[in-house]
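Trainee: Could you take me through a model and explain the words people use for its parts? I would like to see how each label is earned.

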Amino acid sequence: MFGTVVVGVGIAGLARIRDLMNPMPSSPSEHLKLFGFVSRRSFGNINEAKQISLEDALRNKDIHAAFISTENKSHEETIRMFLEAGKHVLVEYPMALSAKAAHELWEMAEQKGKVLHVEHIELLTEEYKQLKKEVAGKDLVKGTLHFTGSVLDENKSGFPAFSGIARLTWLIDLFGDLTVTSATREKQKDKNYSRMTVHFQTANKKPLTWIEERGPGMRREKKINFCFTSGCLENFPEAPRSSVGLFMQDQNLFAKKLLGQVSKEELAAEKWRILRCLDLAEVIQQYCEEPEKIYS
(Lines give C-alpha, C1' and ligand atoms only; values in the text may rest on other atoms or scores of the structure.)
Protein backbone atom coordinates (compact mmCIF):
# COMPACT_ATOMS: atom_id res chain seq x y z
CA MET A 1 0.00 0.00 0.00
CA PHE A 2 1.10 3.56 -0.76
CA GLY A 3 0.01 6.23 1.71
CA THR A 4 -1.07 9.42 -0.06
CA VAL A 5 -1.84 13.06 0.74
CA VAL A 6 -3.73 15.59 -1.39
CA VAL A 7 -2.26 19.11 -1.40
CA GLY A 8 -4.77 21.81 -2.38
CA VAL A 9 -8.53 21.39 -2.33
CA GLY A 10 -9.92 23.25 -5.34
CA ILE A 11 -12.01 21.41 -7.96
CA ALA A 12 -9.18 19.00 -8.85
CA GLY A 13 -8.15 18.43 -5.23
CA LEU A 14 -11.72 17.55 -4.20
CA ALA A 15 -11.96 15.13 -7.14
CA ARG A 16 -8.68 13.54 -6.01
CA ILE A 17 -9.99 13.11 -2.43
CA ARG A 18 -13.21 11.55 -3.76
CA ASP A 19 -11.37 9.09 -6.05
CA LEU A 20 -8.77 8.10 -3.44
CA MET A 21 -11.54 7.35 -0.96
CA ASN A 22 -13.54 5.36 -3.53
CA PRO A 23 -11.03 3.45 -5.69
CA MET A 24 -12.24 1.38 -8.63
CA PRO A 25 -12.62 -2.25 -7.55
CA SER A 26 -9.75 -4.50 -8.72
CA SER A 27 -7.80 -1.50 -10.09
CA PRO A 28 -4.25 -0.31 -9.31
CA SER A 29 -5.85 2.49 -7.25
CA GLU A 30 -6.73 -0.03 -4.55
CA HIS A 31 -3.02 0.15 -3.61
CA LEU A 32 -3.41 3.85 -2.63
CA LYS A 33 -4.54 4.89 0.83
CA LEU A 34 -5.49 8.48 1.62
CA PHE A 35 -3.97 9.77 4.88
CA GLY A 36 -5.33 13.27 4.66
CA PHE A 37 -5.15 16.58 2.82
CA VAL A 38 -3.23 19.84 3.13
CA SER A 39 -4.80 23.26 2.58
CA ARG A 40 -4.04 26.86 3.52
CA ARG A 41 -7.72 27.19 4.45
CA SER A 42 -9.11 25.52 7.53
CA PHE A 43 -11.60 22.73 6.77
CA GLY A 44 -11.22 20.17 9.54
CA ASN A 45 -12.50 17.14 7.62
CA ILE A 46 -13.78 16.58 4.09
CA ASN A 47 -15.78 13.36 3.60
CA GLU A 48 -13.91 11.67 6.45
CA ALA A 49 -10.53 12.78 5.06
CA LYS A 50 -8.71 14.72 7.75
CA GLN A 51 -6.77 17.93 7.34
CA ILE A 52 -3.07 17.70 8.24
CA SER A 53 -0.27 20.24 8.20
CA LEU A 54 2.25 20.48 5.37
CA GLU A 55 5.02 19.65 7.88
CA ASP A 56 3.22 16.44 8.92
CA ALA A 57 2.70 15.45 5.28
CA LEU A 58 6.40 15.91 4.51
CA ARG A 59 7.61 14.19 7.69
CA ASN A 60 5.18 11.26 7.94
CA LYS A 61 6.92 8.03 6.91
CA ASP A 62 3.53 6.42 6.19
CA ILE A 63 2.90 8.95 3.41
CA HIS A 64 4.69 7.78 0.26
CA ALA A 65 3.09 10.01 -2.39
CA ALA A 66 1.64 13.51 -2.78
CA PHE A 67 -1.16 14.58 -5.14
CA ILE A 68 -0.47 18.26 -5.88
CA SER A 69 -3.59 20.20 -6.90
CA THR A 70 -2.55 23.73 -5.96
CA GLU A 71 -2.54 26.75 -8.27
CA ASN A 72 -0.01 26.55 -11.11
CA LYS A 73 2.48 29.06 -9.73
CA SER A 74 3.14 26.93 -6.62
CA HIS A 75 3.55 23.57 -8.40
CA GLU A 76 7.33 23.87 -8.75
CA GLU A 77 8.02 24.66 -5.08
CA THR A 78 5.57 22.01 -3.82
CA ILE A 79 6.98 19.27 -6.08
CA ARG A 80 10.48 20.14 -4.92
CA MET A 81 9.52 19.92 -1.23
CA PHE A 82 7.90 16.49 -1.58
CA LEU A 83 10.71 15.06 -3.73
CA GLU A 84 13.25 16.32 -1.20
CA ALA A 85 11.22 14.55 1.50
CA GLY A 86 11.53 11.31 -0.51
CA LYS A 87 7.91 11.16 -1.72
CA HIS A 88 6.50 10.21 -5.13
CA VAL A 89 4.55 13.04 -6.78
CA LEU A 90 1.46 13.37 -8.95
CA VAL A 91 0.91 16.96 -10.08
CA GLU A 92 -1.77 18.62 -12.20
CA TYR A 93 -0.49 20.22 -15.42
CA PRO A 94 1.58 22.33 -15.97
CA MET A 95 4.24 20.89 -13.66
CA ALA A 96 6.12 24.20 -13.68
CA LEU A 97 5.96 27.64 -15.30
CA SER A 98 9.45 27.45 -16.80
CA ALA A 99 11.14 24.77 -18.87
CA LYS A 100 14.34 24.98 -16.79
CA ALA A 101 12.45 24.23 -13.57
CA ALA A 102 10.64 21.30 -15.20
CA HIS A 103 13.90 19.70 -16.37
CA GLU A 104 15.47 20.22 -12.92
CA LEU A 105 12.50 18.61 -11.15
CA TRP A 106 12.48 15.63 -13.50
CA GLU A 107 16.20 15.12 -12.95
CA MET A 108 15.70 15.36 -9.19
CA ALA A 109 12.94 12.72 -9.26
CA GLU A 110 15.16 10.37 -11.27
CA GLN A 111 18.12 10.89 -8.94
CA LYS A 112 15.93 10.06 -5.94
CA GLY A 113 14.29 7.09 -7.69
CA LYS A 114 10.82 8.64 -7.32
CA VAL A 115 7.86 8.71 -9.70
CA LEU A 116 7.01 12.19 -10.98
CA HIS A 117 3.68 11.92 -12.78
CA VAL A 118 2.11 14.90 -14.55
CA GLU A 119 -1.65 14.74 -15.03
CA HIS A 120 -2.77 15.25 -18.62
CA ILE A 121 -6.40 14.16 -18.52
CA GLU A 122 -7.01 15.87 -21.87
CA LEU A 123 -5.40 12.80 -23.46
CA LEU A 124 -7.80 10.49 -21.60
CA THR A 125 -11.10 11.97 -22.81
CA GLU A 126 -13.20 9.80 -25.15
CA GLU A 127 -13.45 12.84 -27.46
CA TYR A 128 -9.66 12.92 -27.80
CA LYS A 129 -9.26 9.14 -28.15
CA GLN A 130 -11.74 9.17 -31.08
CA LEU A 131 -9.99 12.17 -32.64
CA LYS A 132 -6.64 10.39 -32.44
CA LYS A 133 -8.10 7.32 -34.20
CA GLU A 134 -9.56 9.59 -36.90
CA VAL A 135 -6.22 11.36 -37.50
CA ALA A 136 -4.03 8.21 -37.40
CA GLY A 137 -2.25 7.40 -40.65
CA LYS A 138 -3.44 10.55 -42.48
CA ASP A 139 -1.10 13.04 -44.18
CA LEU A 140 -1.57 16.52 -42.75
CA VAL A 141 -1.70 19.48 -45.14
CA LYS A 142 -2.50 22.17 -42.55
CA GLY A 143 -4.43 22.53 -39.32
CA THR A 144 -5.83 24.82 -36.62
CA LEU A 145 -6.81 24.22 -32.99
CA HIS A 146 -8.76 27.13 -31.49
CA PHE A 147 -9.58 27.20 -27.77
CA THR A 148 -11.83 29.71 -26.02
CA GLY A 149 -12.44 30.03 -22.30
CA SER A 150 -13.10 32.37 -19.40
CA VAL A 151 -10.51 34.72 -17.91
CA LEU A 152 -7.65 33.29 -15.80
CA ASP A 153 -5.56 35.13 -13.22
CA GLU A 154 -2.16 34.91 -14.90
CA ASN A 155 -0.34 35.68 -11.65
CA LYS A 156 -1.57 32.29 -10.43
CA SER A 157 -1.98 30.28 -13.64
CA GLY A 158 1.02 31.53 -15.62
CA PHE A 159 1.46 32.63 -19.24
CA PRO A 160 -1.20 31.20 -21.63
CA ALA A 161 1.30 28.86 -23.32
CA PHE A 162 1.74 27.16 -19.91
CA SER A 163 -1.83 27.35 -18.56
CA GLY A 164 -3.08 26.15 -21.96
CA ILE A 165 -0.50 23.40 -22.33
CA ALA A 166 -3.28 20.81 -22.73
CA ARG A 167 -3.85 22.13 -26.28
CA LEU A 168 -0.14 21.98 -27.09
CA THR A 169 -0.07 18.42 -25.73
CA TRP A 170 -2.86 17.44 -28.14
CA LEU A 171 -0.94 18.84 -31.13
CA ILE A 172 2.33 17.12 -30.20
CA ASP A 173 0.56 13.83 -29.48
CA LEU A 174 -1.36 13.95 -32.79
CA PHE A 175 1.30 15.26 -35.15
CA GLY A 176 4.70 14.61 -33.55
CA ASP A 177 7.42 17.13 -32.83
CA LEU A 178 6.75 20.76 -33.74
CA THR A 179 8.84 23.88 -34.30
CA VAL A 180 7.53 27.34 -33.41
CA THR A 181 7.76 29.65 -36.43
CA SER A 182 6.03 32.66 -34.84
CA ALA A 183 3.84 33.60 -31.89
CA THR A 184 1.97 36.78 -31.00
CA ARG A 185 -0.39 37.89 -28.30
CA GLU A 186 -3.12 40.48 -28.31
CA LYS A 187 -4.27 41.86 -24.95
CA GLN A 188 -7.10 44.27 -24.22
CA LYS A 189 -6.64 45.00 -20.54
CA ASP A 190 -9.76 47.16 -20.24
CA LYS A 191 -11.86 44.23 -21.57
CA ASN A 192 -9.87 41.53 -19.74
CA TYR A 193 -9.38 39.90 -23.16
CA SER A 194 -6.40 37.90 -24.42
CA ARG A 195 -5.68 36.06 -27.67
CA MET A 196 -2.46 34.14 -28.28
CA THR A 197 -1.76 32.90 -31.81
CA VAL A 198 1.05 30.40 -32.40
CA HIS A 199 2.29 29.10 -35.75
CA PHE A 200 4.15 25.79 -35.90
CA GLN A 201 5.73 23.58 -38.50
CA THR A 202 5.61 19.80 -38.30
CA ALA A 203 8.69 17.67 -39.06
CA ASN A 204 7.29 17.47 -42.64
CA LYS A 205 7.13 21.28 -42.85
CA LYS A 206 3.32 21.39 -42.65
CA PRO A 207 1.73 24.43 -40.92
CA LEU A 208 -0.26 24.16 -37.69
CA THR A 209 -1.89 27.03 -35.79
CA TRP A 210 -2.89 27.15 -32.12
CA ILE A 211 -5.17 29.95 -30.91
CA GLU A 212 -5.79 30.38 -27.17
CA GLU A 213 -8.46 33.00 -26.57
CA ARG A 214 -9.93 34.09 -23.24
CA GLY A 215 -12.37 36.77 -22.18
CA PRO A 216 -15.30 37.42 -19.83
CA GLY A 217 -18.25 35.13 -20.55
CA MET A 218 -16.41 33.18 -23.25
CA ARG A 219 -17.64 29.61 -23.50
CA ARG A 220 -15.13 26.84 -22.84
CA GLU A 221 -14.83 25.32 -26.26
CA LYS A 222 -12.38 23.75 -28.70
CA LYS A 223 -12.69 24.05 -32.47
CA ILE A 224 -10.60 22.08 -34.95
CA ASN A 225 -9.87 22.35 -38.64
CA PHE A 226 -7.37 19.71 -39.70
CA CYS A 227 -6.91 19.26 -43.45
CA PHE A 228 -5.36 16.08 -44.83
CA THR A 229 -4.61 14.94 -48.36
CA SER A 230 -7.81 12.86 -48.03
CA GLY A 231 -10.05 15.74 -46.85
CA CYS A 232 -10.74 18.04 -43.88
CA LEU A 233 -11.88 17.31 -40.34
CA GLU A 234 -13.87 20.23 -38.92
CA ASN A 235 -15.91 18.54 -36.20
CA PHE A 236 -15.00 16.20 -33.39
CA PRO A 237 -16.01 12.61 -34.11
CA GLU A 238 -18.85 11.17 -32.04
CA ALA A 239 -17.50 9.69 -28.81
CA PRO A 240 -19.13 7.39 -26.25
CA ARG A 241 -19.23 8.39 -22.58
CA SER A 242 -16.59 6.66 -20.49
CA SER A 243 -17.71 4.68 -17.47
CA VAL A 244 -14.50 5.68 -15.65
CA GLY A 245 -13.90 9.33 -14.68
CA LEU A 246 -10.84 11.16 -16.03
CA PHE A 247 -9.19 11.71 -12.64
CA MET A 248 -9.72 8.04 -11.77
CA GLN A 249 -8.11 6.97 -15.07
CA ASP A 250 -5.17 9.25 -14.27
CA GLN A 251 -4.96 7.93 -10.68
CA ASN A 252 -4.87 4.34 -11.99
CA LEU A 253 -1.98 5.26 -14.30
CA PHE A 254 -0.04 6.82 -11.38
CA ALA A 255 -0.65 3.72 -9.25
CA LYS A 256 0.56 1.50 -12.12
CA LYS A 257 3.80 3.51 -12.19
CA LEU A 258 4.24 3.10 -8.43
CA LEU A 259 3.72 -0.66 -8.86
CA GLY A 260 6.29 -0.83 -11.69
CA GLN A 261 3.65 -1.85 -14.25
CA VAL A 262 4.47 0.76 -16.93
CA SER A 263 7.17 -0.07 -19.51
CA LYS A 264 10.40 1.93 -19.77
CA GLU A 265 9.47 2.79 -23.36
CA GLU A 266 6.13 4.30 -22.32
CA LEU A 267 7.75 6.24 -19.47
CA ALA A 268 10.47 7.61 -21.79
CA ALA A 269 7.91 8.68 -24.42
CA GLU A 270 5.80 10.42 -21.77
CA LYS A 271 8.82 12.20 -20.30
CA TRP A 272 9.83 13.43 -23.77
CA ARG A 273 6.31 14.70 -24.54
CA ILE A 274 5.87 16.54 -21.24
CA LEU A 275 9.28 18.24 -21.29
CA ARG A 276 9.07 19.01 -25.02
CA CYS A 277 5.71 20.76 -24.55
CA LEU A 278 7.14 22.84 -21.69
CA ASP A 279 10.19 23.74 -23.79
CA LEU A 280 7.86 24.91 -26.58
CA ALA A 281 5.66 26.83 -24.11
CA GLU A 282 8.72 28.79 -23.05
CA VAL A 283 9.73 29.52 -26.67
CA ILE A 284 6.16 30.75 -27.34
CA GLN A 285 6.28 33.03 -24.29
CA GLN A 286 9.62 34.48 -25.46
CA TYR A 287 8.21 35.18 -28.92
CA CYS A 288 5.12 36.87 -27.48
CA GLU A 289 7.10 39.00 -25.04
CA GLU A 290 9.77 40.14 -27.50
CA PRO A 291 9.79 43.91 -27.89
CA GLU A 292 8.66 44.81 -31.40
CA LYS A 293 11.57 44.84 -33.81
CA ILE A 294 12.14 48.25 -35.33
CA TYR A 295 13.55 48.27 -38.84
CA SER A 296 15.22 51.42 -40.05
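Mentor: Let us go through the domains, the sheets, the pocket and two backbone details. This is a predicted model, in which local features need pLDDT of at least 70 and side-chain atom pairs count only at pLDDT 80 or more, while totals for chains, interfaces and linings use all residues. Residues are numbered from 1 along each chain as its sequence is written, and side-chain values use heavy atoms, with hydrogens and water left out.

Trainee: How do you know which domains the protein chain is divided into?

Mentor: The bounds come from an automatic or database domain assignment. They give domain 1 (2-119 + 244-260) and domain 2 (126-241 + 279-290). Their centres, taken over C-alpha atoms, are separated by 28 Å. Contact means heavy atoms within 4.5 Å, and 12 residues of domain 1 are in contact with 11 residues of domain 2.

Trainee: What makes β1 and β2 a pair?

Mentor: Strands are DSSP runs (E, at least two residues), helices are runs of H or I with at least four, and both are numbered from the N terminus. Two strands pair if DSSP finds at least two bridges between them. Strand β1 (residues 2-7) is joined to β2 by 6 bridges, and the two run parallel, so by that definition they pair. V5 stands opposite G36 in β2.

Trainee: Which strands stand at the edges of the open sheet with the order β2-β1-β5-β6-β7?

Mentor: That sheet has 5 strands with parallel pairing. β2 (32-38) and β7 (116-119) each have a single partner strand, so one side of each is left without a neighbour in the sheet. From one strand to the next the twist averages 20 degrees. α3 packs on this sheet, touching β1, β5 (65-68), β6 (88-92) and β7, and its direction makes about 165 degrees with that of β6. Such angles run from 0 to 180 degrees between N-to-C directions, with axes fitted as lines to C-alpha atoms, for helices over the stretch in contact.

Trainee: What is the order of the open sheet of 6 strands?

Mentor: The order is β9-β10-β11-β8-β12-β13, with mixed pairing. β12 and β13 pair in the antiparallel sense over 3 bridges, and F228 stands opposite G231 in β13. Helix α5 (residues 126-135) lies across β12 and β13, running at about 10 degrees to β12.

Trainee: Why is the largest pocket said to lie between the domains?

Mentor: On a 1 Å grid over the protein atoms alone, a pocket is an open set of points where a 1.4 Å probe fits, with protein on both sides within 12 Å along at least five of seven lines; lining residues have an atom within 4 Å of a point. Both domain 1 and domain 2 give residues to the lining, so the largest pocket lies between them. It is lined by 45 residues, of which A12, T70, N72, E92 and Y93 lie nearest its centre. α3 gives the most to this lining, with 4 residues.

Trainee: What makes N47 stand out in its phi?

Mentor: Most residues other than glycine have a negative phi, and most peptide bonds are trans. Phi of N47 is near 45 degrees, a positive value in a residue other than glycine. N47 sits in the loop between β3 (45-46) and β4 (49-50).

Trainee: Which residues does the cis peptide bond join?

Mentor: Y93 and P94, with omega about -15 degrees. P94 is in the loop between β6 and α4 (99-112).
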